[in-house]
There are 2 protein chains.
Amino acid sequence: MTTDITLIGQGQTKFGELWSKSIRDLMEEATDAAISSSPCTALDIDLIIVSNMLAEVTSGQAHLAAIASALLPHHPPAIRVESACGSGAFALHTACAMLESGRAKNVLVIGVEKMTDVSVDTVASALMGAADSEQERPAGLTFPGIFGLIAQRYMHEYGLTRDDLSLVSAVHHRNACKNPFAQFRSEISPDAVTKSSMISDPLRLLDCSPISDGAAAVILSSEHSSPIRIAASQIASDSLSIVARPTLTSFSATKDAAERALQEAEIKLQDINVLETHDCFSIAAVINLEDLGFCDPGEGIQVYKNLFEGKPTGFGVNMSGGLKGCGHPVAATGIKQLIDVAKNLQATNQRYGLAHNFGGAAATCGVHILEHSPSS
Amino acid sequence: MTTDITLIGQGQTKFGELWSKSIRDLMEEATDAAISSSPCTALDIDLIIVSNMLAEVTSGQAHLAAIASALLPHHPPAIRVESACGSGAFALHTACAMLESGRAKNVLVIGVEKMTDVSVDTVASALMGAADSEQERPAGLTFPGIFGLIAQRYMHEYGLTRDDLSLVSAVHHRNACKNPFAQFRSEISPDAVTKSSMISDPLRLLDCSPISDGAAAVILSSEHSSPIRIAASQIASDSLSIVARPTLTSFSATKDAAERALQEAEIKLQDINVLETHDCFSIAAVINLEDLGFCDPGEGIQVYKNLFEGKPTGFGVNMSGGLKGCGHPVAATGIKQLIDVAKNLQATNQRYGLAHNFGGAAATCGVHILEHSPSS
């Protein structure tokens, strides 16, 4: 980073089926919480970045920058950024660049999604906007379909079993029990995952992150000190369609963003104490650990076996509950991850955390590294 | 600007009803033209900013950053920015900040919109996403309706007549005749405007910019020299709903962005030689001249009278044909404006030009000032 950027405020709504709250309500609740937790007043916010994917389709509402701006009395400039389910990380990255450019000193970044007010068909179709509308949608694919293909191939290549895969959601649900903002605060057994309804073979209902409403907001600053700073912010791209890729069992955008983030933070992977990864489906959680470099290809499930059995792994994974446990209001997720990584570093008094957020089948990916310095 | 940012490449598709071209095709055509006109190869592009408003609804396609990235062989990082019809200016602003931050040296900015493949009802509803879905859409308003109300009020306050208003589109069409990329290369008389079909009293069909497909792309650089540099890039916000504003006949976001842009460029309004303004409706063109400061409130139409009669105004206005003459593929417009201002400055060997692009009823607005230095 060319500028010291600190995390000085954070807030979020509960994630879940929030039928009584509009997009504006959700943004306002997260924004109020973020500002209240910061050393700023609303008037200190000189720029807003809004992360949203679906509002055009699910709420008939584009132009969220104008709604966000009007939440604050002085109507600061605001920009909306979208990169499907990775929108949050891309908004954070844009905010970092704005601070580094000197154009802003205190940037409010709001991620928001309202998904439960429309039919499942409508939201599933809208989410397919994150895939290739020329190559994947006409083939009848949905995202459970795409990740089902990925899981099939992964099982073929590495011998992953259905029962082993079920450990992933069991771990995430267990972690979510401790998170007051999580959509699902209930333990589930691996057996319950294996026996849940078939969605897209081999993926079952409890392998899939849910449809959720929610918002999360952070304030990033180049002006105020904080125990948490952004040590790295990197984004990367891959082909949109999985058809154009050399492999289904690894995501190059994750690898690219993570490699550059570690370089930017000037640390090694072993320095990371805690991470939040983009577990939109259980199979993604396994692949993410491999692509980030925490284990070799085919070995991701071993980390979840250790986590499930309470054995040491050397790093915490999705301690918030991840997308499966917390819920996945898609464009809010990347912001929520940053909040959860920061909370965890402070609670455990550890130093480095990583947030990994991708869009579609990792056609775009953003990785952020946080550094916690208790002394500052 | 904290960094010298130059315009080193530009390209666009023809604007119009381009039924045989997909979003990807349009982006590719504009990108190829921009790169070909620049000192760069594709591999020199280290970041892409995509400006798009409507693809989720009109093409079932979000996540355009991934499509844009895959247009280039090395899949550079890419971000999609949306601010309704002002998306182009907001993408340019984001690109400037990325260059100033040092995170990129050569940024490709692509604006694209595909509007003619769906029914007029669908596209009119999608465009209403730029207005307030809680306050304006339920009232039955469309954008012609909103600007019809604005025109009614303006006529009441300033005595503008229907026949005078018709001069605006006549001037824009005359200018468009000289633009090979324009959708409408035909002169229209003021009388034809006055007698065209009623859309939303007092606005007639020929007061309204059309539904269009098209793409435009520029390359902004902190590495390469060029006769054209970005002297200012500013964005501003107002309330989304017109209900929440103190006046209907002036747009505060235009005033804010323009005032700050002049400060940033360290010039006076009188230094501007040519401008492209956001004439989504004829009445907007009149108000824009007043809000930008080129005349007093109520006097905007006098500029168009002078333009129509070939009298000197001291500055050129929408020499490209504006949104009415060129067509208005909404998120491409702000990029196209920058190209047209640059072309005009070079063709006339003048120094300063201004591009004014807004979203919705100017709930968001971006203003860019270009400086042309023939010697560099």
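This passage walks through a predicted model of two chains, A and B, from the overall build of a chain to the contact that joins the pair.

Chain A is a good place to start. It is built from 13 helices and 12 strands. Measured out along its principal axes, its C-alpha trace spans about 55 × 45 × 40 Å. A compact globule of 376 residues would have a radius of gyration near 21 Å, and chain A, at 19 Å, agrees with that. Much of the chain is tucked away: buried residues make up 66% of the 376 residues in chain A. The chain also folds back on itself a good deal, since among contacts in chain A with a separation of 6 or more, 78% are between residues 24 or more positions apart.Strand β11 of chain A, residues 352-359, shows this covering in full, with eight of its eight residues buried. In a regular strand, side chains alternate between the two faces of the sheet. In β11(A), A:Tyr352, A:Leu354, A:His356 and A:Phe358 point one way, while A:Gly353, A:Ala355, A:Asn357 and A:Gly359 point the other way, and both sets are buried. This strand pairs with two others described here. With β9(A), the pairing is parallel and runs over four bridges, and A:Glu276 has A:Ala355 of β11(A) as its bridge partner. With β12(A), residues 364-372, the pairing is antiparallel and counts eight bridges; here A:Asn357 sits opposite A:Gly366. Four residues lie between the strands in the hairpin of β11(A) and β12(A), where A:Gly360 takes a positive phi near 60°.

What surrounds a single residue of β9(A)? A:Ile272 belongs to this strand, which covers residues 272-276 of chain A. A:Ile272 counts as buried because it has 25 C-beta neighbours inside 10 Å, where 20 or more are enough. Setting aside neighbours within four places in sequence, A:Ile272 is in contact with A:Phe315, A:Tyr352, A:Gly353 and A:Leu354. Three of those names, A:Tyr352, A:Gly353 and A:Leu354, have already come up as buried residues of β11(A). A:Ala89, by contrast, lies 183 residues from A:Ile272 in sequence and 18 Å from it in space, C-alpha to C-alpha.

Two helices of chain B come next. Helix α6(B), residues 143-158, has 16 residues and reaches 22 Å from its first C-alpha to its last, close to the 22 Å expected at 1.5 Å a residue. Its buried residues are B:Phe143, B:Pro144, B:Ile146, B:Phe147, B:Gly148, B:Ile150, B:Ala151 and B:Tyr154. They are covered by elements of chain B including α5 (120-127), β5 (198-200), β6 (203-204) and α10 (282-292). Just after α6(B) comes B:Gly159, with a positive phi of about 75°.

Helix α7(B), residues 162-176, has 15 residues and reaches 22 Å from first C-alpha to last, close to the 21 Å expected at 1.5 Å a residue. This helix is mostly covered, with 11 of its 15 residues buried. The buried ones include a run from B:Leu165 through B:Ser166, B:Leu167, B:Val168, B:Ser169, B:Ala170, B:Val171 and B:His172 to B:His173, along with B:Asn175 and B:Ala176. Against them pack α8 (190-195), α10, α11 (300-309) and α12 (322-326) of chain B. The helix α10 thus turns up for both, among the elements covering α6(B) and among those packed against α7(B).

That leaves the meeting of the two chains. The contact takes 51 residues from chain A and 51 residues from chain B. On the chain A side, at least two residues each come from α2 (55-59), α3 (64-69), β3 (78-82), α4 (87-101) and β8 (228-237). The largest share, six residues, belongs to α4(A). By type, the residues on this side of chain A divide into 23 nonpolar, 19 polar and nine charged. Strand pairing also crosses between the chains: β3(A) and β3(B), residues 78-82 of chain B, run antiparallel and are joined by three bridges. In that pairing, A:Glu82 stands opposite B:Arg80.

How are the two copies related? Chain A superposes on chain B by a rotation of 180° with 0.0 Å of shift along the axis, at an RMSD of 0.0 Å. That is the relation of a two-fold axis. Both copies use the same surface, as 100% of the contact residues of chain A recur in chain B.

Notes: Residues are numbered from 1 along each chain as its sequence is written. Chains are lettered from A and ligands numbered from 1 in the order in which they are written. This is a predicted model: local features need pLDDT of at least 70, side-chain atom pairs count only at pLDDT 80 or more; totals for chains, interfaces and linings use all residues. Two residues are in contact if their C-beta atoms, placed from the backbone, lie within 7 Å. Ala, Val, Leu, Ile, Met, Phe, Trp, Tyr, Cys and Pro count as nonpolar, Asp, Glu, Lys and Arg as charged, and the others, Gly among them, as polar. Two strands pair if DSSP finds at least two bridges between them. Copies are superposed by least squares on the C-alpha atoms of residues with pLDDT of at least 70 in both. The expected span of a helix is 1.5 Å times one less than its number of residues. A residue is buried if 20 or more other C-beta atoms lie within 10 Å of its own, exposed if 12 or fewer, and partly exposed in between; C-beta atoms are placed from the backbone. The radius of gyration is taken over C-alpha atoms; the globule rule is 2.2 Å times the number of residues to the power 0.38.
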